[in-house]
Amino acid sequence: MTQQPVATSTKLDAAVLKVAGVVVLGAIMSILDVTVVSVALPTFQSEFDASYARVAWTMTGYTLALATVIPLSGWAADRFGTKRLYMVALALFTIGSGLCATADSIGELIAWRVVQGLGGGMLMPLGMTIMTRAAGPHRIGRLMAVLGIPMLLGPITGPILGGWLIDVASWHWIFLINLPIGVVALIYAQLALPKDNAEPSQSFDFLGMLMLSPGLALFLYGISTLPETGTMADTKVWLPMLAGGALVIAFVAYSFRPRHPLLDLRLFRNRNLTIASITMFVFIIAFMGAGLLFPSYFLQVRGETTLAAGLLIAPQGIGAMLTMPIAGTLADRVPVGRTVPFALVLIAAGFFTFTQLGTDTSYWLLCGSLFVMGLGMGGTMMPIMTSALKTLSAAEVARGSTLVNILQQIGGSVGAAIMSVILTSELNGSRPIPGVTDPGTGAPLTEAQLAIAAQQRPELIQQFPVPPSLIERGLDYAAGAFSTTFWVAFGLVLLTFVPAVFLPRRREPSHLLDGETGEDKQPMVVPIH
């Protein structure tokens, strides 16, 4: 590939900033879309008459698609050229957004979200490659500061934007808004990105991909079907779980054979990488899985508008914005084993509040807890990723960063599936209302289901005349279901302390800057979805 000349100045000149603008625009599309959709899950439930476990697949399918293409992007960039592939990723994401807006069923929406994810998963790793080659490795710190803008603003503005669009227009607009942005980004990329030439590269592990991605999807589908069937004995549950588990196990056994495997599990011989990866994986399951529930509680139990729900969870993003730059600086000076446990204490303290949820819990307490959790979040993820990659050799960093980011996406998918299963199972245990059935399915309607539906559509009370005490009892039960689910997340956060104790507490030499250019030695950071 055509290499860009490496500048000697540490300042970002106009040419580099022009390229950075393209990458930031793509990152904003990808990150905003994830956070925007998080507040729309209850809307999808009512629009498509689907369970929470079912609509959560709009997030799970997206993250699994991301996990599929992250390892593919490095190989494909060499094979087809970074500019060409980046524009294909932008086009795929934009087309997927438009198709999402046309969905008539939850199944269609999930399918188009996968298409979106296939494009969105390549935007960040390709963007990092493009920016590194444009500016040189000695300016990576300044480049990460530029890329940090969408990473920090996404969790704050996404839910607010999504809530506003749903309130003033419809859910379709959370996807349609990407169309003009995508067109502008494509034109900008064509004009601003330098041309590069495709070159032969190492072979891609297609067999590994054919085992891992379907295996994870089948396994998670089986888990997500459990609340609907109510038993592990149903073939819809155990058959995909068994098939998926077998494929994942086969992939693990196979991955030690190829010279260039999809995931280089041999890197786990490095103690720091192993400890950091376990810490991050358990943490992501808890934090990302429970993170989907915050807006749902405000919408379904408290009866807030989607805009209000977005505003109420914004303190979490503000907290992360305050501590992430500080944590990034400290990670270069202080061993992560001395800082991450303190950040986890903040997260655990914030989570505990949500284990005590009721129908009238103080908003000041909840927003304050989200802010504290955000402070902890900002001090956790980047230091853990730094620890995971810091002691790898120069030749191992690219493979290590791919492995860490894949685990990140898988953890988010597993967390979303687990928490949605628990919440749906808890809500299904509510008392059925005698003689009242769901108009869509014909199944008996429970007190919690009617109470939640009435919060968003008060006219249902006229359709199903029931005493106010029944609605109150249903809301109490729903709040308890959320509380129970958060207890599971809280337990997982506490479990994160076990591997975190073994994070390095002494400074260790870094191999990231060996050599003259350092190209391909910088960690590729992909935002959590």
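A residue counts as buried when its relative accessible area is under 20%, as exposed when it is over 50%, and as partly exposed in between. The model used in these exercises is predicted.

**Exercise 1. Classify Gly98 and locate it.**

Step 1. Take the relative accessible area of Gly98, which is 18%. Step 2. Compare this with the cut-off: buried means under 20%. Step 3. Gly98 is therefore buried. Step 4. Find its element: Gly98 belongs to helix α5, residues 82-101. Step 5. Look for a partner further along the chain. Trp112 is 14 residues away from Gly98 in the chain, and their C-alpha atoms are 8.8 Å apart.

**Exercise 2. Describe helix α9 and find which way its buried residues face.**

Step 1. Get the extent. Helix α9 covers residues 178-192, 15 residues in total. Step 2. Check the span. From first C-alpha to last, α9 reaches 20 Å, close to the 21 Å expected at 1.5 Å a residue. Step 3. List the buried residues of α9: Asn178, Gly182, Ala185, Ala189 and Ala192. Step 4. Look down the axis. The buried residues of α9 fall within an arc of 110 degrees, so they line one face of the helix. Step 5. Recall the general rule. An α-helix has 3.6 residues a turn, so residues three or four places apart point the same way.

**Exercise 3. Follow Ala192 to a residue in another part of the chain.**

Step 1. Start at Ala192, one of the buried residues of α9. Step 2. Go to Leu17, which is 175 residues from Ala192 along the chain; 9.9 Å separates the two C-alpha atoms. Step 3. Place Leu17: it is in helix α1, residues 14-38. Step 4. Classify Leu17. Its relative accessibility is 44%, so Leu17 counts as partly exposed.

**Exercise 4. Count the salt bridges and describe the partners.**

Step 1. Recall the principle. Side chains of opposite charge can pair when their charged atoms come close. Step 2. Apply the cut-off: a side-chain nitrogen of Lys or Arg must be within 4 Å of a carboxyl oxygen of Asp or Glu. Step 3. The count is 1 salt bridge. Step 4. Name the partners. Asp264 and Arg266 meet through their side chains, with 3.1 Å from N to O. Step 5. Classify each one. Asp264 is buried at 4% relative accessibility, whereas Arg266 is partly exposed at 23%.

**Exercise 5. Count the disulfides and check two cysteines for burial.**

Step 1. Recall that a disulfide is a covalent bond between the sulfur atoms of two cysteines. Step 2. The count for this structure is 0 disulfides. Step 3. Check Cys100. With a relative accessible area of 0%, Cys100 is buried. Step 4. Check Cys367. At 18%, Cys367 is buried too.

**Exercise 6. Explain what is unusual about the backbone of Asp49.**

Step 1. Recall the background. Most residues other than glycine have a negative phi. Step 2. Read the angle. Asp49 is not a glycine, yet its phi is positive, about 50 degrees. Step 3. Place Asp49: it sits in the loop between α2 (41-48) and α3 (52-55). Step 4. Classify Asp49. Its relative accessible area is 41%, so it is partly exposed.

**Exercise 7. Identify the nonpolar surface patch and place Phe502.**

Step 1. Name the members. Leu495, Val498, Val501 and Phe502 form a nonpolar patch on the surface. Step 2. Give the area: together they have about 380 Å² accessible. Step 3. Place Phe502 in the segment after α21 (468-500). Step 4. Classify Phe502: at 45% relative accessible area, it is partly exposed.

**Exercise 8. Compare the settings of Thr484 and Arg431.**

Step 1. Place them. Thr484 is in helix α21. Arg431 is in the loop between α18 (397-428) and β1 (432-437). Step 2. Classify them. Thr484 is partly exposed at 31%, whereas Arg431 is exposed at 51%. Step 3. Find a partner for each. Thr484 and Ile422 are 62 residues apart in sequence, with 8.3 Å between their C-alpha atoms. For Arg431 and Pro444, the separation is 13 residues in sequence and 9.6 Å from C-alpha to C-alpha.

How values were computed. Residues numbered from 1 in each chain as written. Predicted model: local features only at pLDDT ≥ 70, side-chain atom pairs only at ≥ 80, totals over all residues. Heavy atoms only, no water. Patch = residues over 30% accessible without salt bridge, like charges linked within 9 Å, V, L, I, M, F, W, Y side chains within 5 Å. Areas by Shrake-Rupley, 256 points an atom, 1.4 Å probe, with all protein chains shown as cover. Helix = DSSP H or I, 4+ residues; strand = E, 2+ residues; numbered from the N terminus. Buried < 20%, exposed > 50% of the residue type's maximum accessible area, 1.4 Å probe, protein only. Disulfide = S-S within 2.5 Å. Expected span 1.5 Å × (residues − 1). Arc of directions from axis to C-beta.
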